[in-house]
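The following exercises ask the reader to work through a structure step by step. Each task is followed by a worked solution.

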Amino acid sequence: MQEQNALTEHGIRVEASYWRSRLLPPALYEVGMSHGVDWDKSIIIDLDMDLPWMPDMLLGTLLTQEEKFIDFEIETDKQGQTAVTIEAWLDVTAQINTCEHNRGIGVGMGVLALKIRKELCGITEPQLANGPDNKGKPDLIKTDCTNPAF
């Protein structure tokens with residue numbers, strides 16, 4: 001279980017680090033900006049481009065500054081410079097495993113991605129919610145870890 005968690009964490013870290021050290025495809029950068037993505041505080045979890053069966057497409061998942069997991073599919077021009085159509089831009093946060101203790105698999109992928117985003121973006125303090133219900137406690141994603149879908 002620990003080995004599987006380490007492999008998952010490594011895979012997320014490699015992908016996120018790769019895209020933080022390189023320029024994003026311009027079409028993805030622009031679409032993200034138009035949806036309010038702060039690229040300095042967000043990470044790419046997965047990005048596939050120009051697959052043989054889907055040329056001129058950007059497909060993947062990102063984790064935003066608001067800790068939202070977004071699945072996207074963007075059709076681009078031949079050079080990947082401009083978005084032709086946005087096939088999907090979906091908030092899939094509710095479907096991501098953010099449980100720290102899962103029977104048989106350990107830590108959920110979402111927990112690892114959130115940790116890596118904080119590390120790579122230099123975030124050291126939890127964001128505090130100022131609402132009357134939280135009374136200054138960290139704003140955390142709450143997930144039903146007993147759900148068998150996880």
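**Exercise 1. Classify isoleucine 105 by its accessibility and place it in the chain.**

Step 1. Isoleucine 105 counts as partly exposed because its relative accessibility is 39%; buried means under 20% relative accessible area, exposed over 50%, and partly exposed in between, with a 1.4 Å probe and protein chains only.

Step 2. The position of isoleucine 105 is in the loop between β4 (83-91) and α3. Helices (H or I, at least four residues) and strands (E, at least two) are DSSP runs, numbered from the N terminus.

Step 3. Glutamine 4 is 101 residues away along the chain, yet the C-alpha atoms of glutamine 4 and isoleucine 105 are separated by 7.6 Å.

Two conventions apply throughout. Residues are numbered from 1 along each chain as its sequence is written, and side-chain values use heavy atoms, leaving out hydrogens and water. The model is predicted: local features need pLDDT of at least 70 and side-chain atom pairs count only at pLDDT 80 or more, while totals for chains, interfaces and linings use all residues.

**Exercise 2. Check the length of helix α1 and determine which residues are buried and which are exposed.**

Step 1. Helix α1 comprises 19 residues (2-20), which should span 27 Å at 1.5 Å a residue; the end C-alpha atoms are 26 Å apart, which agrees. The expected span is 1.5 Å times one less than the number of residues.

Step 2. The buried residues in α1 are Asn5, Glu9, Ile12, Ala16 and Trp19. They lie on the same side of α1, because they cover an arc of only 105 degrees around the axis; the arc is that of the directions from the helix axis to the C-beta atoms.

Step 3. The general rule is that an α-helix has 3.6 residues a turn, so residues three or four places apart point the same way.

Step 4. Glu3, Leu7 and His10 are exposed on the other side of α1. The buried residues of α1 pack against β1 (43-51) and α3 (109-120).

**Exercise 3. Describe two of the aromatic pairs.**

Step 1. Rings of Phe, Tyr and Trp (its six-membered ring) pair if their centres lie within 6.5 Å; planes under 30 degrees apart count as stacked, over 60 as edge-to-face and the rest as tilted. By this rule there are three aromatic pairs.

Step 2. Tyrosine 18 and tryptophan 19 form an edge-to-face pair, because their ring centres are 4.9 Å apart and their planes are at 85 degrees. Tyrosine 18 is partly exposed, at 38% relative accessible area, whereas tryptophan 19 is buried, at 10%.

Step 3. Tyrosine 29 and tryptophan 39 have ring centres 6.4 Å apart and planes at 20 degrees, so this pair is stacked. Tyrosine 29 belongs to helix α2 (residues 26-34) and tryptophan 39 to the loop between α2 and β1, so the pair ties together parts ten residues apart in sequence.

Step 4. Tyrosine 29 is partly exposed, at 34% relative accessible area; tryptophan 39 counts as buried, at 11% relative accessibility.

**Exercise 4. Trace the strand pairing from β2 to β4.**

Step 1. Strands β2 (residues 54-63) and β3 (residues 69-76) run antiparallel and are joined by seven bridges; two strands pair if DSSP finds at least two bridges between them. Leucine 59 has glutamate 73 in β3 as its bridge partner.

Step 2. Five residues separate β2 and β3 in their hairpin, and glutamate 67 in the turn has a positive phi of about 60 degrees. Glutamate 67 counts as buried, at 15% relative accessibility.

Step 3. β3 and β4 also run antiparallel, with seven bridges joining them. Opposite isoleucine 70 stands aspartate 91 in β4. The hairpin of β3 and β4 has six residues between the strands, and glycine 80 takes a positive phi near 75 degrees there.

**Exercise 5. Identify the nonpolar cores and the contacts of one core residue.**

Step 1. A nonpolar core is a set of buried Ala, Val, Leu, Ile, Met, Phe, Trp, Tyr and Cys residues joined through side-chain atoms within 4.5 Å. In the largest, of 15 residues, the members touching the most others are Leu28, Ile44, Leu62, Phe72 and Trp89. Two or more residues of this core come from each of α2, β1, β2 and β3.

Step 2. Beyond its neighbours within four places in sequence, isoleucine 44 contacts Glu15, Ala16, Trp19, Leu24, Leu28, Trp39, Thr61 and Leu62; contact means heavy atoms within 4.5 Å.

Step 3. Another core, of 13 residues, lies apart from the largest and includes Ile45, Leu63, Val92 and Ile96.
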